[in-house]
There are 2 protein chains.
Amino acid sequence: MSERRPGEIPEATVARLAVYLRVLTGLVDASTVIVSSEELAAIAGVNSAKLRKDLSYLGSIGTRGVGYDVTLLREKIASSLGLTQRRTCVLVGVGNLGHALAGYPGFSSRGFTFVGYFDVDPGRVGDPIADSKISDISELESVVEANGVSIGVIATPAEAAQTVCDRLVDAGVTSILNFAPSVLAVPDNVDVRKVDLAAELQILSFHEHRKSRGPGDGLVESVG
Amino acid sequence: MSERRPGEIPEATVARLAVYLRVLTGLVDASTVIVSSEELAAIAGVNSAKLRKDLSYLGSIGTRGVGYDVTLLREKIASSLGLTQRRTCVLVGVGNLGHALAGYPGFSSRGFTFVGYFDVDPGRVGDPIADSKISDISELESVVEANGVSIGVIATPAEAAQTVCDRLVDAGVTSILNFAPSVLAVPDNVDVRKVDLAAELQILSFHEHRKSRGPGDGLVESVG
DNA sequence: AACCGCTTGTGAACGTAAGAACAAAGTCGA
DNA sequence: TCGACTTTGTTCTTACGTTCACAAGCGGTT
């Protein structure tokens, strides 16, 4: 039992592959040719055994006694993540955060092309954004369908997120990155990842709280 | 074995508590008084057994046969996350993303007070930002120490992140939220959470790739 | 060609998390 | 006051993820 089909990569591993990819790109830029799992793991901030196991899901890439060919490994990871083809995306909700995302250099440099930026606010429509212009939300479906967009990024207020999500899914989008603080309901074939900024701070707050109580005593506070 | 000390809440649970908290705040606004684990789980998008187990770490809060008192539960979660006291934060790196974060309403409304916004660029210093002004990075330490800042948010380019991180830690910050695409090295007593925007898209890309190959065949691509 | 040292790839042990199922404990109605 | 009904809190099972430890395999050296 628990035989993993070839090509089946665990979720936790996928998330780390993206990190390894970034680190490897840095190594390529530094003209590094070979890297050992120990070195790579140290840079990526993980255990070297974990790194080797992660990479083993992609096949036998390294050379025993030597290490990994940096360029080859980077290509293997990129191909596993499906980054050999550019992917088209749309962004919905162009407030502060939406603007920041549109200007984020990491997206286009990593193979993601934004083919549309949408907002409901007529006052914003037509405004320039990242060498393009903000479009009215009514054009969402036609742009998605015309460009075969597979990824939608939602940066609207929480109230609008589910409606936008439904429209994206109906238009054919099968992956969604959600920055709105709300839980999205989607069909099974659609993947959602959420980035919850306030939640991140709250999680840190929890750890601060725990530290300030001192580790080891759990029942300090009187609830009365 | 594996007895968990009272007050020891699993990481996975902590992350979800923040979600429950947000949902509960919505219910309070809607004047809901009582909610069952089934209802709450549905809204939060989780399994109801998981939700009950999560809440059980906070003690026995619900009433069998009835459900949970919405207000009480919200207070319990807030207190567990250490949100009963306001926490002071600083933001370093005021580019596009930094501005968006500074303007994000979810932070101050949830008990986080930003007492400083810093940047290295002299051209930006003094610019207004979120009813405050951008300060020069040289003032970082004094502001952190004067305000007992516990949380630092890094929104600088990748190259600057580790240096900024070191300075924050030296000044006494014990929790860091990192938006820069880089791995931060910190002492054991410091918590780091990272938000890697490009990685999020890459993870979605992986799932798109997997879907397009069709589920079930793992060895389609010829490697030669 | 045979050996030695190094690093990978992996099997097995451990720990954490998720989900099903049920006993405990409360409310409400008669 | 008693019993039926509802929903929590928890136990147990299964799955997933991490880490250790080492055999397998490769390059360099003699």
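1. In this predicted model, an N or O atom in the side chain of B:Lys53 sits 2.4 Å from a base oxygen of DNA strand C. The side chain of A:Lys53 also reaches a base of this strand, with an N or O atom 3.1 Å from a base nitrogen. A phosphate oxygen of DNA strand C lies 3.4 Å from a polar side-chain atom of B:Lys50.

2. Around DNA strand C there are 27 residues, and those that come nearest are A:Ser37, A:Arg52, A:Tyr68, B:Lys53 and B:Arg64. Of the strand's atoms within 4 Å of the protein, 61% belong to sugar and phosphate. The surface near DNA strand C holds seven nonpolar, ten polar and ten charged residues.

3. Which elements supply at least two residues each to the surface near DNA strand C? They are helix 3 of chain A, and helix 1 (11–29) and helix 3 of chain B. Helix 3 of chain B contributes the most, four residues.

4. DNA strand D has 27 residues around it, with A:Arg16, A:Arg64, B:Ser37, B:Gly65 and B:Tyr68 nearest. Here sugar and phosphate make up 64% of the strand atoms that come within 4 Å of the protein. By class, seven of the residues near DNA strand D are nonpolar, eleven are polar and nine are charged.

5. Three contacts with DNA strand D can be inspected individually. A:Lys50 places a polar side-chain atom 3.3 Å from a phosphate oxygen. The side chain of A:Arg52 has an N or O atom 3.5 Å from a base nitrogen. B:Gly65 uses a backbone N or O atom, 3.0 Å from a sugar or linking oxygen. Two or more residues of the surface near DNA strand D come from each of helix 1 (11–29) and helix 3 (48–56) of chain A and helix 3 (48–56) of chain B. The largest share, four residues, belongs to helix 3 of chain A.

6. Helix 2 of chain A spans residues 37–44, and its buried residues are A:Ser37, A:Leu40, A:Ala41 and A:Ala44. Viewed down the helix axis, these fall within an arc of 100°, so they line one face. The face turned away from the buried side carries exposed A:Glu38 and A:Ala42. Among the elements covering the buried residues are helix 1, strand 1 (34–35), helix 3, strand 2 (68–69) and helix 4 (70–80) of chain A. Just after helix 2, A:Gly45 adopts a positive phi of about 75°.

7. On domains, the assignment for chain A gives domain 1 (11–80) and domain 2 (87–199). The C-alpha centres of these two domains of chain A are 31 Å apart.

Terms used
Residues are numbered from 1 along each chain as its sequence is written. Chains are lettered from A and ligands numbered from 1 in the order in which they are written. This is a predicted model: local features need pLDDT of at least 70, side-chain atom pairs count only at pLDDT 80 or more; totals for chains, interfaces and linings use all residues. Side-chain values use heavy atoms; hydrogens and water are left out. A residue is near a molecule or strand if one of its heavy atoms lies within 4 Å of it. A polar contact is a pair of N or O atoms within 3.5 Å; within protein, one must be able to donate a hydrogen and the other to accept it, and residues adjacent in sequence count only if both atoms are side-chain atoms. Ala, Val, Leu, Ile, Met, Phe, Trp, Tyr, Cys and Pro count as nonpolar, Asp, Glu, Lys and Arg as charged, and the others, Gly among them, as polar. Buried means under 20% relative accessible area, exposed over 50%, partly exposed in between (1.4 Å probe, protein chains only). The arc is that of the directions from the helix axis to the C-beta atoms. Contact means heavy atoms within 4.5 Å. Domain bounds come from an automatic or database domain assignment.
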